[in-house]
Amino acid sequence: MSQKPLCVVTHWVHPEIINYLEPHCRLVVNKTRETWPRQILFDHLKEADAAMMFMPDWVDAELLDNAPRLKIVGAALKGYDNFDVDALTSRGVWLSYVPDLLTIPTAELTIALMLALGRHVLPGDKRVRSGAFEGWRPIFYGQGLHGSTVGIIGLGRLGQAVAQRLAGWGVKLIGYDIAELPDERKRELALAQTDMPTLLATADWVVCVSPLTPESKGLLGAAELAAMKPGAFLVNTGRGSCVDEEAVTEALEKGHLAGYAADVFAFEDWGLADRPRDVPEALRDPGLRTVFTPHLGSAVEQVRIDIAMEAARNIVDVLCGKAPRNPVNTI
């Protein structure tokens, strides 16, 4: 009797995912919460027929040369710029992704970051915990959302979801994207699509939810930050490298930018050879008005189960001789 195919799961997943995969394949699973060193990953992939991979994984020709049996990389993510699609396709390896399960939780977190930044939630929490709070005082006056102009950069699924969730907050919505939304959709969202200079000059809140492409890398650099309305806030829940973190630091230090919140950071963009190796120390200065979360966009228990399960279904499709349900490439 021939052995079942081998599937490597490169990061920790919930037991439900293991239970779903086990009838279809043998498993090698990273049971820690850390990323395997690359050589260990190579060792595990030598005999692998399938792999479930995640954001910290970087798939290139070198990795694929170490995985000659591989038939599918089932990516448990939406953005796949750290996966060399051409290299996968040329070797006859499917790449699948999860197109939409991350949208709603990331949109929710975006608004949470806006409120935390504008309303001094972190300094307020620190004051209460310090024991210095003696009751109401006229301090920590912040910036609410009502009556403000929110400019959304990137009007894909995530940008539209943010706009939908701001309905009823009493904000004026404007947006920028290289693709024009249908007029009917703009009416549904009560959003005016405009150009980047107009958005930067008029928005009280600039929300960057752009995917990472060659065109969007460094989309918000020093010149764009200088063009923002003085005293505006910037929130990034798209991709770290869309924002120049050094320029953000300088804009905060000068007081031109009122505050910065982010759930994504440039060092996480594993596919970029010139990525930094951590969040800039100067940006982490507690004296700056910032709110940071460690990539919690889709970190909702059931959502993460659903994302990994969708990746697992794509893998099982291919191991059963079918095309994956959410393919990036064509084999």
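The dialogue below works through several features of a predicted model.

Colleague: Which residues does UniProt list for the domain "D-isomer specific 2-hydroxyacid dehydrogenase NAD-binding"?

Modeller: The unreviewed UniProt entry lists residues 111-297 under that domain name. Over residues 111-297 the chain is 30% helix and 17% strand. The C-alpha atoms at the two ends of that range are 11 Å apart.

Colleague: Let us turn to charged pairs. How many salt bridges does a search of the whole structure find?

Modeller: The search finds 20 salt bridges. To count, a side-chain nitrogen of Lys or Arg must be within 4 Å of a carboxyl oxygen of Asp or Glu. K71 and D49 satisfy this, with their closest N and O atoms 3.0 Å apart.

Colleague: Where do K71 and D49 lie along the chain?

Modeller: K71 is in the loop between α3 (61-65) and β4 (72-75), while D49 is in the loop between α2 (38-45) and β3 (50-53). The pair therefore ties together parts that are 22 residues apart in sequence.

Colleague: Is D49 buried or exposed?

Modeller: One reads this from the relative accessible area: under 20% is buried, over 50% is exposed, and values in between are partly exposed. D49 has 2%, so D49 is buried. Its partner K71 has 38% and is therefore partly exposed.

Colleague: Some salt bridges lie within a helix. What separates R185 and E188?

Modeller: These residues are three apart in helix α8 (residues 183-189), so about one helical turn separates them. They form a salt bridge in which the closest N and O atoms are 2.9 Å apart. R185 is partly exposed, because its relative accessible area is 22%.

Colleague: And how should I read R313 and E310, whose side chains meet in a salt bridge?

Modeller: Their N to O distance is 3.2 Å. Both belong to helix α12 (residues 301-319); being three residues apart there, R313 and E310 are separated by about one helical turn. R313 counts as partly exposed at 29% relative accessibility, whereas E310 counts as buried at 16%. Elsewhere, salt bridges that share partners join R38, D60 and E62 into one network.

Colleague: Which residues gather in a patch of negative charge on the surface?

Modeller: A patch of this kind is built from residues that have over 30% relative accessible area and no salt bridge, with like charges joined within 9 Å. Here, E253, D278, E281 and D285 gather in a patch of negative charge on the surface. E253 is in helix α11 (residues 245-254). At 53% relative accessibility, E253 counts as exposed.

Colleague: I should also like to understand the backbone angles. What is notable about phi of A190?

Modeller: Phi of A190 is near 55 degrees, which is a positive value in a residue other than glycine. A190 is found in the loop between α8 and β8 (191-193). With 58% relative accessibility, A190 counts as exposed.

Colleague: What value does phi take at H295, and where does that residue lie?

Modeller: At H295, phi is near 55 degrees, again a positive value in a residue other than glycine. H295 is in the loop between β12 (290-292) and α12. Its relative accessible area is 29%, so H295 is partly exposed.

Note on methods
Residues are numbered from 1 along each chain as its sequence is written. This is a predicted model: local features need pLDDT of at least 70, side-chain atom pairs count only at pLDDT 80 or more; totals for chains, interfaces and linings use all residues. Side-chain values use heavy atoms; hydrogens and water are left out. Patches are made of residues with over 30% relative accessible area and no salt bridge: like charges are joined within 9 Å, nonpolar side chains (Val, Leu, Ile, Met, Phe, Trp, Tyr) within 5 Å. Accessible areas come from the Shrake-Rupley method with a 1.4 Å probe; for residues, only the protein chains shown count as cover. Lys and Arg count as positive and Asp and Glu as negative; His and the chain ends are not counted. The place of a charge is taken as NZ of Lys, CZ of Arg, CG of Asp or CD of Glu. Helices (H or I, at least four residues) and strands (E, at least two) are DSSP runs, numbered from the N terminus. Buried means under 20% relative accessible area, exposed over 50%, partly exposed in between (1.4 Å probe, protein chains only). UniProt positions are given in the numbering used here, feature names are shortened, and annotations may be inferred rather than shown by experiment.
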